[in-house]
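Work through the exercises below with the sequence and the model at hand. Each one sets a task and then solves it step by step.

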Amino acid sequence: MACQSVSIIDMDEQALLGLNPNADACYRQRAIAYFEQLKESHDAWEVCAEALAKSVYSDDHVKFFCFQLMNTQAEKPFIRNKAAQVFALTFVMEYLTHWPKFFFDILSLVGLNPHGVDIYLRTLMAIDAEVVDRDIVHTAEEVRRNTLIKDNMREHVIPSLVESWYQILGAYQQSHPEITCQCLEVVGAYVSWIDLNLIANDRFVNLLLSQMCVEDLREEACDCLFEIVNKGMDPTDKTKLIESLCQVLQSAGFFNVEQEEDVDFLAKFSRLVNGMGQSLVLSWTKLAKSGDVKVAAETLRALEAKVPLLIKLLVHEDDDISANIVGFCYDYLHVLKQLPLLTDQQKANVEAIMLAVMKKLTYDDEYNFDNEGEDEAMFVEYRKQLKMLLDRLAQVSPELLLEAVRRVFSSTMQTWQTASFMEVEVAIRLLYMLGEALPASHGAHFSGDTAKTSTLQDMMRTLVSCGVSSYQHTSVVLEFFETVVRYDKFFLVEPQHIPNVLMAFLDHRGLRHSSPKVRSRVAYLFSRFVKTLHKHMNAFIEDILTRIQDLLELVPPENGVPALLTSDDQLFVFETAGVLVVNGEGPAERKQALMRSLLMPLTDAFRLLLAKLATEREEERQAVLADCLSHAVEGVIAAFLSGWPPSGVAFQDSHNTAPS
């Protein structure tokens, strides 16, 4: 039979009458023949989907007829998804009022063959999306309706659905792992709002744990167990559940993560361990607040027993695996912060986490500094997570953190000439991060606590005197200048180091570096450095102005030679020069002479450009010259106002951020 096209208005109404059980035999025969005819039509499934979605027919027998037809034609995945969406929409409209046996009818319709189970599971996921998904915005009426649907399902159908999931998981894990994975996804989705006891029992959990050992299923099984662990429940029961899970997982060898080569699975497993750890922290918090000292202590012991596994995952070379465990690590440190006194083992845990964080902060040799893409952006975000851990470590034990950073920094600076850029950069980076991890009022890191100030002072002295500013990698050079400016108050204590650091700012290491990125950042950092320390620079003003004079030249566009600094970067340097001149010691005549020498080349260039603008006839060239003149005016204003250039907000915001 040739495939025929069909539409709703073309459907044989007489044949549809034969769907009624009380219809005459001739009508029933006609209905059967019509069904066979539609099965051959390539678009019959679309017609049935439209009829169901728009509630064209109110007769339940016609609706069921449409469902049957869609089921027979749902061979391609997109048709199955469409069928599932239509089934779900019909369920939402009909379940409470006309179709309480929806799930039983669907199961009998699709059958327990792989094809039918696939449609069934897709329908369940589509129903979850319509009724439960919190990312979808619903009206107040839809929220009320969805609440009634969930309440009714909990009372009447959920136990039967759970039993069907159990049977599917057992029946198909060998023959059709893709269906088993679908079912695990359904369980994970529904567990958030059904009675957890239906799932969190020996029968069901043992089945899930067994699937953790099946290569094709273990990632989905991990996700399913994660959703179970995340379900809210009594803290004591939650601890018992997690302990039973961990006992089986450890016995099966899952805790030996160093022997596992499948990083995709380990990322899922790390997420599961993170969920279990955070759930234990939450249970401990509730029990501690309730005053149940004994059970709280047991929960804390259970929590701390997971720390060795936490550290293995945190230090894993794959950053995704490491990132997935950060939440548990952060929460564990928060628990330690609340304890009155740390045990020796807890101190050892803190130190192990510190070492792991320091190691993971390190760039890998594949990081592309010249063309930062998605991978680099992900590492920058990951570093921000590690910084949060470092800050939390400082709250738990600032002394341990300070000493750990000192050891790493000192040993690296002794051998920086032969060390890799990754080692050198992270050593300086750790010193930089201490500035926020160990906060001080108005950056006063070098007054107060003698132990802290002495250690920081020693490290800063080493940084500015060991020669590491000459390291031939942009990341190291940038970290050097960032750290120098973060701890600019150090130079108030030891001003003898100012000349060497000034030279670093002014020569090939800073403003004349081969990298435009370095030059641009250094222009901003130099202005900050001078603003803080200008009172200690009176003896160097003439030398500084001489060295930066050519950097402030107004380069005409037709020159063809690119300037070392961008227009915005030049404004920072003009501002810096103004700060030095205006705040310098000595008579007014000296300041006038210095300001004149600073601005004379600029005003001379301004006159030349203004003359060119007066004779220029091309609009495009006029615009370019006008921009140059405008920049010259901004430079003069920046120098005179000593730190308040008219466009300061715009260009300062782009620089005034911590290094990533």
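**Exercise 1: A charged patch**

Glutamate 366 is exposed, with a relative accessible area of 67%. The model is a predicted one.

Task: State where glutamate 366 lies and which surface patch includes this residue.

Solution.
- Step 1. Find the element: glutamate 366 sits in the loop that runs between α19 (344-360) and α20 (374-396).
- Step 2. Classify the residue: exposed means over 50% relative accessible area, and glutamate 366 has 67%.
- Step 3. Name the patch: together with Asp364, Asp365, Glu374 and Asp375, Glu366 forms a negative surface patch.

**Exercise 2: The whole protein**

Task: Describe the make-up of the protein by its helices, strands and buried share.

Solution.
- Step 1. Count the elements: the protein has 32 helices and zero strands.
- Step 2. Take the buried share: 49% of the 660 residues count as buried.
- Step 3. Look at the surface: the accessible area is about 31,100 Å², and carbon and sulfur atoms contribute 52% of that.
- Step 4. Look at the contacts: among those with a separation of 6 or more, 71% join residues 24 or more positions apart.

**Exercise 3: A covered helix**

Task: Decide whether helix α16 is mostly covered or mostly open, and list what its buried residues pack against.

Solution.
- Step 1. Helix α16 spans residues 307-314, and six of its eight residues are buried, so the helix is mostly covered.
- Step 2. The buried residues are Val307, Leu309, Leu310, Ile311, Leu313 and Leu314.
- Step 3. These residues pack against α14 (263-290), α15 (293-305), α17 (319-323), α18 (326-338), α19 and α20.

**Exercise 4: Two buried residues**

Task: Compare the settings of threonine 180 and glycine 584.

Solution.
- Step 1. Threonine 180 belongs to helix α10 (residues 177-190), whereas glycine 584 belongs to the loop between α29 (567-583) and α30 (588-615).
- Step 2. Buried means under 20% relative accessible area. Threonine 180, at 0%, is therefore buried, and glycine 584, at 9%, is buried too.
- Step 3. Leaving aside residues up to four places away in sequence, threonine 180 touches Leu169, Tyr172, Gln173, Gln211 and Leu217.
- Step 4. With those sequence neighbours again left aside, glycine 584 touches Asn538, Ile541, Val579 and Lys591.
- Step 5. Methionine 537 is 47 residues from glycine 584 in sequence, yet their C-alpha atoms are 7.8 Å apart.

**Exercise 5: Salt bridges**

Task: Of the 31 salt bridges found in the whole structure, examine those of lysine 268 with aspartate 223, lysine 360 with aspartate 319, and arginine 407 with glutamate 403.

Solution.
- Step 1. Lysine 268 and aspartate 223 have their closest N and O atoms 2.7 Å apart. This pair links distant parts of the chain, 45 residues apart, with lysine 268 in helix α14 and aspartate 223 in helix α12 (residues 218-230).
- Step 2. Asp223 and Lys268 also belong to a network of salt bridges with Glu227 and Arg271.
- Step 3. For lysine 360 and aspartate 319, the closest N and O atoms are 2.8 Å apart. Here helix α19 holds lysine 360 and helix α17 holds aspartate 319, 41 residues apart.
- Step 4. Lysine 360 is buried at 6% relative accessibility, while aspartate 319 is partly exposed at 24%.
- Step 5. Arginine 407 and glutamate 403 meet at 4.0 Å, N to O. Both lie in helix α21 (residues 398-414), four residues apart, about one turn of the helix.
- Step 6. An α-helix has 3.6 residues a turn, so residues three or four places apart point the same way.

Terms used. Residues numbered from 1 in each chain as written. Predicted model: local features only at pLDDT ≥ 70, side-chain atom pairs only at ≥ 80, totals over all residues. Heavy atoms only, no water. Patch = residues over 30% accessible without salt bridge, like charges linked within 9 Å, V, L, I, M, F, W, Y side chains within 5 Å. Areas by Shrake-Rupley, 256 points an atom, 1.4 Å probe, with all protein chains shown as cover. Salt bridge = Lys/Arg side-chain N within 4 Å of Asp/Glu carboxyl O. Lys, Arg positive; Asp, Glu negative; His and termini not counted. Charge placed at Lys NZ, Arg CZ, Asp CG, Glu CD. Helix = DSSP H or I, 4+ residues; strand = E, 2+ residues; numbered from the N terminus. Buried < 20%, exposed > 50% of the residue type's maximum accessible area, 1.4 Å probe, protein only. Contact = heavy atoms within 4.5 Å.
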